[in-house]
Structure formats: C-alpha cells, structure tokens
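Visitor: Please give me a close look at one part of this model: any salt bridge that turns up, and what sits around it. I'd like the cut-offs as you go.

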Amino acid sequence: MALIARMFVVIFAFAIAAVAAALVITIGFLPEIGDLSTAGGDPLPIKVLISLVTFFISGFALLPAMLVIAISEAFRLRSVIFWALAGCLIGLFCYYGMAGFFEVSRGPRRAFEVIAGAGIVAGLVYWALAGRKAGAWRASPSKIETK
C-alpha cells in the first residue's frame, strides 16, 4: 500500500517540478519573445505560454526523469545535490535531444544557461516534494522480523 501512495506522490511531484521548470524557461526566454505581461494587461498569453511549455517539458523529460526516480528510489538517494545535478542533466539531455527547438537570438549559450537553470529548479522542487524521502516506503532490513 505504501508503494501505491508513493507512486502518486512521485507523479504529483514530477508535475509540479515540470511547472516550475516551465516558469523558469518562460521567464528566461521572455526577453527574446517580447513582454507578454504588458499585452493590454491581459495575463492570458503568459498563462497559455507557461501551460504549453509545461506540456512539452513533461513530455520530453518523462522517460529520463522516471529512470532517475526509479534509480533514486532503489538506492535511497536523497541528497539535494543529487537532485539538483540530476535535474540539470535531464534538462540538458532533453535540450540536446530536441536540438534547434529553442533557437534564440542571443545564441546557444543563453539557451544552455536557461535550460540548465530550469533543470536545477525542477530538481530542487522534486526533491522538496518527494526526493528527500526516496526509498522510505520500503522497510529497512533491520526492521524486518523473521519468525
């Protein structure tokens, strides 16, 4: 039963981490695409943009993130540094996997920095919600009683 509850926590934390990464990417690329927040005082364009970026992030990062989540649950990796580094590497892996999708006017270095920052933020958000208790659903070997 604890495993099923943990699966729901992982899915929820992944979704919130994808939204956090989308916020960082949207804010990071906003100077290139124009200031949508001043478009007549209507916040709808920025909300739509964040929703679309969240959709793409969750789609591209789902398999690499689930692989890292499974490894961390199996080995009880709970370090905040691990999750920040894993988020950064997953973000960069997905960025280079879809090379050319985020072409911006300032060159590839700006995009590299924004995507790495978004991955770090997503990793930290995931750690705060679910990663700091990775593997806790399993009973430790010392608590298992044999009869």
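Guide: Let's fix one word first: a residue is buried under 20% relative accessible area, exposed over 50%, and partly exposed in between, using a 1.4 Å probe and protein chains only. This is a predicted model, so local features need pLDDT of at least 70 and side-chain atom pairs count only at pLDDT 80 or more, while totals for chains, interfaces and linings use all residues. Numbering runs from 1 along each chain as its sequence is written, and side-chain values use heavy atoms, with hydrogens and water left out.

Now the frame. The protein has four helices and zero strands (DSSP runs numbered from the N terminus: H or I over at least four residues for a helix, E over at least two for a strand). Reading along the sequence gives α-α-α-α. Of its 147 residues, 36% count as buried.

On to your salt bridge. Searching the whole structure turns up one, where the term asks for a side-chain nitrogen of Lys or Arg within 4 Å of a carboxyl oxygen of Asp or Glu. The partners are Arg-6 and Glu-73, whose side chains meet at 2.7 Å, N to O. This pair ties together distant parts of the chain, with Arg-6 in helix H1, Glu-73 in helix H2, and their positions 67 residues apart. The background idea is simple: side chains of opposite charge can pair when their charged atoms come close.

Is this pair buried or exposed? Both Arg-6 and Glu-73 are buried. Glu-73 counts as buried because its relative accessible area is 9%. Glu-73 also has a neighbour from further down the chain: its C-alpha lies 8.4 Å from that of Gly-131, although 58 residues separate the two in sequence.

Stay with those two side chains, since they also turn up in a pocket lining. A pocket here is an open set of points on a 1 Å grid over the protein atoms alone, with protein on both sides within 12 Å along at least five of seven lines; a cavity is a set where a 1.4 Å probe fits but cannot get out; lining residues have an atom within 4 Å of a point. Volumes are the space filled by probe spheres set on the points, which are joined across faces, edges and corners. The second largest pocket holds about 160 Å³ of space. Lining it, next to Arg-6 and Glu-73 in the list, are Leu-3, Met-7, Val-10, Met-66, Ile-69, Ala-70 and Trp-137. H1 and H2 each put at least two residues into that lining, and these are the helices that the salt bridge links.

Follow H2 past Glu-73 and you leave the helix, which covers residues 44-75. Arg-76 sits in the loop between H2 and H3. Its phi is near 55 degrees, a positive value in a residue other than glycine. With 27% relative accessibility, Arg-76 counts as partly exposed.

Going the other way along H1 gives more contacts to look at. Ala-15 lies in H1 and is partly exposed at 38%. Its C-alpha is 9.7 Å from that of Ile-57, with their positions 42 residues apart in sequence. Thr-26, another H1 residue, counts as buried because its relative accessible area is 4%. Thr-26 and Ile-46 are 20 residues apart in sequence and 8.3 Å apart in space, C-alpha to C-alpha.

Ile-57 leads us to the interior space. There is one cavity of 30 Å³ or more in the structure, and the largest cavity has a volume of about 410 Å³. Its lining runs to 29 residues, with Ile-57, Ala-61, Ile-90, Gly-91 and Ala-122 lying nearest its centre. H1 (2-33), H2, H3 (80-97) and H4 (108-129) each supply at least two of the lining residues. H2 gives the most, with eight.

One last check, on covalent links. The whole structure has zero disulfides, a disulfide being a pair of cysteine sulfur atoms within 2.5 Å. Cys-88 is buried at 14%, and Cys-94 is buried at 11%.

So, back to your request: the one salt bridge found joins Arg-6 in H1 to Glu-73 in H2, and both partners are buried.
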